[in-house]
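Here are some notes on the model you sent round. Please read them with the coordinates open.

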Amino acid sequence: QTLRVETSLDGSTWTLASDEPTGALALAGALREPLAVPVRTIVPDAPARYVRLSAPAFNAAAVTVYGPP
């Protein structure tokens, strides 16, 4: 399975920003913070108003998206 991140300016037209295997992301997160197991993915700079995640193995309610200040 993969963690797929798509971005959009209008909520209708979506652009693929990242598509990574979840196993590698989960392992990296577990090594950094074993009690929380954060999964982090870096998305290239892209103008976006909306971010859509597709990751069947993860709970979307627990997602936090950070952008530049």
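**Notes on the fold and its sheet**

1. Start with L53. L53 sits in strand β3, which covers residues 50-54. The model is a predicted one, so local features are taken only at pLDDT of at least 70. L53 has a relative accessible area of 34%. That value makes L53 partly exposed, because partly exposed runs between the 20% limit for buried and the 50% limit for exposed.

2. L53 also has a role in a surface feature. Together with V51, V63 and V65, L53 makes a nonpolar surface patch. The area of this patch is about 300 Å².

3. Now the overall layout. The protein contains three strands and one helix. Read from the N terminus, the order is β-β-α-β. The protein has 69 residues, and 17% of them count as buried. Its accessible surface is about 5,200 Å². Carbon and sulfur atoms hold 57% of that surface.

4. A word on contact range. Take the contacts in the protein with a separation of 6 or more. Of these, 47% are between residues 24 or more positions apart.

5. How are the strands ordered in the sheet? The order is β2-β1-β3, in an open sheet of three strands with antiparallel pairing. The edges are taken by β2 (15-21) and β3. Each of these has a single partner strand, so one side of each lacks a neighbour in the sheet. Direction ignored, neighbouring strands are turned by 15° against each other on average.

6. Next, the pairing of β1 with β2. Strand β1 spans residues 2-8 and runs antiparallel to β2, with six bridges joining the two. R4 stands opposite D19 in β2. E6 stands opposite L16 in β2. The two strands form a hairpin, with six residues between them. In the turn, G11 has a positive phi of about 80°. Please check that residue on your side.

7. Then the pairing of β1 with β3. This pair is also antiparallel. It is held over five bridges. R4 appears here again: its bridge partner in β3 is S54. R4 thus has D19 opposite in β2 and S54 as partner in β3.

8. Is β1 mostly covered or mostly open? Mostly covered: five of its seven residues are buried. E6 belongs to this strand. Its relative accessibility is 13%, so E6 counts as buried, the limit being under 20%.

9. Which residues does E6 touch, leaving aside neighbours within four places in sequence? On one stretch of the chain, E6 is in contact with W14, T15, L16 and A17. On another, E6 is in contact with Y50, V51 and R52. Two of the names recur from above: L16 is the residue opposite E6 in β2, and V51 is part of the nonpolar patch.

10. Last, T2. T2 also lies in β1. T2 is partly exposed, because its relative accessible area of 35% falls between the 20% and 50% limits. T2 and P21 are 19 residues apart in sequence. In space, their C-alpha atoms are 4.2 Å apart.

Key: Residues are numbered from 1 along each chain as its sequence is written. This is a predicted model: local features need pLDDT of at least 70, side-chain atom pairs count only at pLDDT 80 or more; totals for chains, interfaces and linings use all residues. Side-chain values use heavy atoms; hydrogens and water are left out. Helices (H or I, at least four residues) and strands (E, at least two) are DSSP runs, numbered from the N terminus. Buried means under 20% relative accessible area, exposed over 50%, partly exposed in between (1.4 Å probe, protein chains only). Contact means heavy atoms within 4.5 Å. Accessible areas come from the Shrake-Rupley method with a 1.4 Å probe; for residues, only the protein chains shown count as cover. Patches are made of residues with over 30% relative accessible area and no salt bridge: like charges are joined within 9 Å, nonpolar side chains (Val, Leu, Ile, Met, Phe, Trp, Tyr) within 5 Å. A salt bridge is a side-chain nitrogen of Lys or Arg within 4 Å of a carboxyl oxygen of Asp or Glu. Two strands pair if DSSP finds at least two bridges between them. Axes are lines fitted to C-alpha atoms, for helices over the stretch in contact, and angles run from 0 to 180 degrees between N-to-C directions.
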